[in-house]
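This briefing walks through one protein model, topic by topic, for a reader who is new to structures. Please keep the sequence and the 3D view at hand while you read.

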Amino acid sequence: MKNLITTLILFFGICTSINAQAIYVCNQSKNADFSSLQDAINQASDGDSIYVNMSHESYGEISITKKVILIAKKVFLHETDHSTAKIDKIILEKIEDGNTDASYSVIHGFEINHLMTIADPGNYVQNVTLTSNQLNYKPRTHSTATWKISDNKY
């Protein structure tokens with residue numbers, strides 16, 4: 001019985017990641033799935049990957065209310081025109097009443113001006129991965145002890 005339960009948990013975990021979608025965002029092209037990063041996040045399902053193209057324009061302020069993987073396209077391309085994937089402000093939310101939780105999100109390869117969390121007291125956004133970003137300040141959020149913050153420039 002214990003093996004059956006373990007097998008079912010693994011099966012559903014694999015099916016969840018198999019069903020994850022790749023979403024492409026570019027604020028300067030009609031060839032992407034979305035031109036607005038916030039619209040892409042809103043339409044994404046838990047665990048989806050969102051690939052964001054470089055731009056000379058900021059993607060603005062975004063709010064993350066679910067587990068998403070945000071990857072700037074410069075990770076894959078060597079851009080020479082000095083464009084970035086800039087985000088003015090990222091708000092990571094974990095509110096139990098609204099069933100909102102950005103825990104386990106990944107943010108990789110962006111220029112970020114401001115990052116903050118919104119959470120119920122004592123119920124922090126956990127296990128966020130921030131890697132290879134240009135952070136224009138040191139993140140000041142509640143309890144980043146479970147976060148992986150590495151290879152960022154300040």
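How many salt bridges does the count come to? The count comes to one salt bridge, and the points below begin with that pair before turning to the sheet, the nonpolar core and a glutamine in a helix. Please bear in mind throughout that this is a predicted model.

**The salt bridge**
- The partners are Lys 94 and Asp 101, whose closest N and O atoms are 3.9 Å apart, and this pair qualifies because the cut-off for such a nitrogen and oxygen is within 4 Å.
- Lys 94 counts as buried because its relative accessibility is 12%, and buried means under 20%.
- Asp 101, in turn, counts as partly exposed, since its relative accessibility is 30%, and partly exposed covers the range between 20% and 50%.

**The sheet**
- Six strands form an open sheet with parallel pairing, and their order is E1-E2-E4-E8-E11-E13.
- The edges are strand E1, residues 22–25, and strand E13, residues 148–150, each of which pairs on one side only.
- From one strand to the next, the twist averages 10°.
- Within this sheet, strand E4 (residues 69–72) and strand E8 (residues 106–108) run parallel and are joined by three bridges, and Ile 69 stands opposite Val 106 in E8.
- As general background, the strands of a sheet pair through backbone hydrogen bonds, in either a parallel or an antiparallel way.

**The nonpolar core**
- The largest nonpolar core has 30 residues, and those that touch the most other members are Leu 37, Ile 50, Ile 64, Leu 70 and Leu 92.
- At least two residues of this core come from each of E1, helix H2 (37–43), strand E2 (49–52), strand E3 (61–64), E4 and strand E6 (89–95), while the largest share, three residues, is supplied by H2.
- If neighbours within four places in sequence are left aside, the residues in contact with Leu 92 include Ile 64, Ala 102, Ile 107, Leu 115, Met 116, Val 125 and Trp 147.

**A buried glutamine in helix H2**
- Gln 38 lies in helix H2, and Gln 38 counts as buried because its relative accessible area is 18%, where buried means under 20%.
- Gln 38 is in contact with Glu 61, Ile 62 and Ser 63, once its neighbours within four places in sequence are left aside.
- Measuring from C-alpha to C-alpha, Gln 38 and Gly 60 are 8.6 Å apart in space, although 22 residues separate them in sequence.

Note on methods
Residues numbered from 1 in each chain as written. Predicted model: local features only at pLDDT ≥ 70, side-chain atom pairs only at ≥ 80, totals over all residues. Heavy atoms only, no water. Pairing = 2+ DSSP bridges. Helix = DSSP H or I, 4+ residues; strand = E, 2+ residues; numbered from the N terminus. Axes fitted to C-alpha atoms, helices over the stretch in contact; angles between N-to-C directions. Salt bridge = Lys/Arg side-chain N within 4 Å of Asp/Glu carboxyl O. Buried < 20%, exposed > 50% of the residue type's maximum accessible area, 1.4 Å probe, protein only. Core = buried A, V, L, I, M, F, W, Y, C linked by side-chain atoms within 4.5 Å. Contact = heavy atoms within 4.5 Å.
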